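Subject: Structure handover

Hi,

Here is the structure for you to look through. My notes come after it.

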Amino acid sequence: MPELILAIGNCNYSSWSLRAWLAIEQTGLPFREEIIWFDEDRDRRQRKALSPTGRVPVLLHGKMAIWDSLAIGEYLAELAPEAGLWPDDRMARARARSLCAEMHAGFPAVRATLPLNMRRRMEQHREHGTDVDNEVRRLTSMWTDTRQMFGDDGPFLFGRRTLADAFFAPVASRFRTYGISLKGEAKKWAETVLNLPAMRTWAERANAEGHPNPAYDALLLNDRSGTGPPNLE
Ligand SMILES: N[C@@H](CCC(=O)N[C@@H](CS)C(=O)NCC(=O)O)C(=O)O
């Protein structure tokens with residue numbers, strides 16, 4: 001099989017890279033990483049050379065480029081069916097796909113207001129606004145309902161670990177960063193995912209990698225004056 005290469009951005013800021021990385025890590029397949037630092041590639045030149053959208057993540061496999069986290073997840077699920085990236089049960093699988101699709105297409109307020117910043121924590125409490133609050137309610141109720149309906153066999157959304165956990169893992173990290181507290185099943189799930197060895201590894205890398213983005217870091221200081229590069233969700 002040709003080598004798998006996953007191009008990603010900064011561990012600290014790139015939530016979509018984290019989703020694809022968790023998925024490929026779950027497959028156990030050997031892969032190589034190509035890191036493209038956002039601050040060193042402001043005009044997207046390196047990313048455009050690899051990815052038709054100029055965005056990461058992109059998975060390179062032989063002559064193929066597979067871009068966009070959802071397509072990457074589907075490709076990896078086909079490449080390594082034994083890894084169980086999707087649940088085995090058809091109804092559970094349909095629900096997992098709905099959840100991933102909703103995450104992929106939705107939650108604009110959380111994405112815009114609470115960007116991933118794994119190594120930082122809010123310095124003082126602040127209200128995030130109605131749109132964020134509504135999305136937080138939707139996220140926590142979907143995690144809770146899914147755990148209650150499908151979570152009997154383990155601590156993840158569908159019991160054992162699937163792509164759905166990878167898709168929401170960056171949200172659990174955002175909630176920790178921005179001081180959004182959780183209860184019950186949602187809290188237990190978030191703790192499970194944040195303590196996954198793979199998540200800890202990614203967080204350690206985020207701590208060590210440098211390449212700070214002052215505009216994003218300023219959001220943690222209640223200073224909203226900075227403007228970050230586009231779409232660093
Ligand atoms: N829908 C894409 C989103 C990819 C995306 O927006 N990636 C961000 C980093 S997390 C990016 O490359 N931003 C840089 C840019 O837009 O120039 C996916 O699911 O992979």
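Below is what I found, beginning with the sheet and ending with the helix contacts.

The model is predicted. Please read everything below in that light.

**The sheet**

There is an open sheet of 4 strands, in the order S2-S1-S3-S4. The pairing is mixed. Strand S2 (32–35) and strand S4 (64–67) are the edge strands, and each pairs on one side only. From one strand to the next, the twist averages 20°.

Strand S1 covers residues 4–8. S1 and S2 run parallel and are joined by 4 bridges. Ile5 stands opposite Arg32 in S2. Leu6 has Glu33 of S2 as its bridge partner. On the pairing with S3, the picture changes: S1 and S3 run antiparallel, again with 4 bridges. There, Leu4 stands opposite His61 in S3.

How enclosed is S1 by the rest of the structure? Largely, because 4 of its 5 residues are buried. A residue counts as buried here when 20 or more other C-beta atoms lie within 10 Å of its own.

**Helices on the sheet**

Which helices pack on the sheet? H1 does, touching S1 and strand S3 (58–61). The direction of H1 makes about 155° with that of S1. Helix H3 (residues 69–79) also packs on the sheet, and it touches S3 and S4. For H3, the angle is about 120° with the direction of S4.

**H1 against H7**

Helix H1 spans residues 15–27 and helix H7 spans residues 163–177. Their axes come within 8 Å and cross at roughly 155°. Angles over 145 degrees count as roughly antiparallel, so H1 and H7 are roughly antiparallel to each other. The crossing of H1 past H7 is right-handed.

From H1, the contact involves Ser15, Leu18, Arg19, Leu22 and Ala23. From H7, it involves Leu163, Ala166, Phe167, Ala169 and Pro170. By class, the contact of H1 with H7 has 8 nonpolar residues, 1 polar and 1 charged.

**Arg19**

Take a look at this residue in H1. Is Arg19 buried or exposed? Arg19 is buried, because 24 other C-beta atoms lie within 10 Å and the cut-off is 20 or more. Leaving aside residues up to four places away in sequence, Arg19 touches Ser69, Ala166, Phe167 and Pro170. Of these, Ala166, Phe167 and Pro170 are among the H7 residues that meet H1. Ser69 lies within the range of H3, residues 69–79. Arg19 and Ala169 are 150 residues apart in sequence, yet 7.4 Å apart in space, C-alpha to C-alpha.

**H7 against H8**

H7 also packs with helix H8 (residues 184–194). The angle is about 100°, and the axes are 9 Å apart. The range for roughly perpendicular is 65 to 115 degrees, so H7 is roughly perpendicular to H8.

On the H7 side, the residues are Asp165, Ala169, Ala172, Ser173, Phe175 and Arg176. On the H8 side, they are Ala190, Val193 and Leu194. The contact of H7 with H8 divides into 6 nonpolar, 1 polar and 2 charged residues. Ala169 of H7 meets H8, and Ala169 is also listed in the contact with H1.

Best wishes

Technical notes:
Residues numbered from 1 in each chain as written. Predicted model: local features only at pLDDT ≥ 70, side-chain atom pairs only at ≥ 80, totals over all residues. Axes fitted to C-alpha atoms, helices over the stretch in contact; angles between N-to-C directions. Helix = DSSP H or I, 4+ residues; strand = E, 2+ residues; numbered from the N terminus. Parallel < 35°, antiparallel > 145°, perpendicular 65-115°, else oblique. Left-handed = near helix turned anticlockwise from the far one by under 90°. Contact = placed C-beta atoms within 7 Å. Nonpolar A, V, L, I, M, F, W, Y, C, P; charged D, E, K, R; others polar. Pairing = 2+ DSSP bridges. Buried ≥ 20, exposed ≤ 12 C-beta atoms within 10 Å, placed from the backbone.
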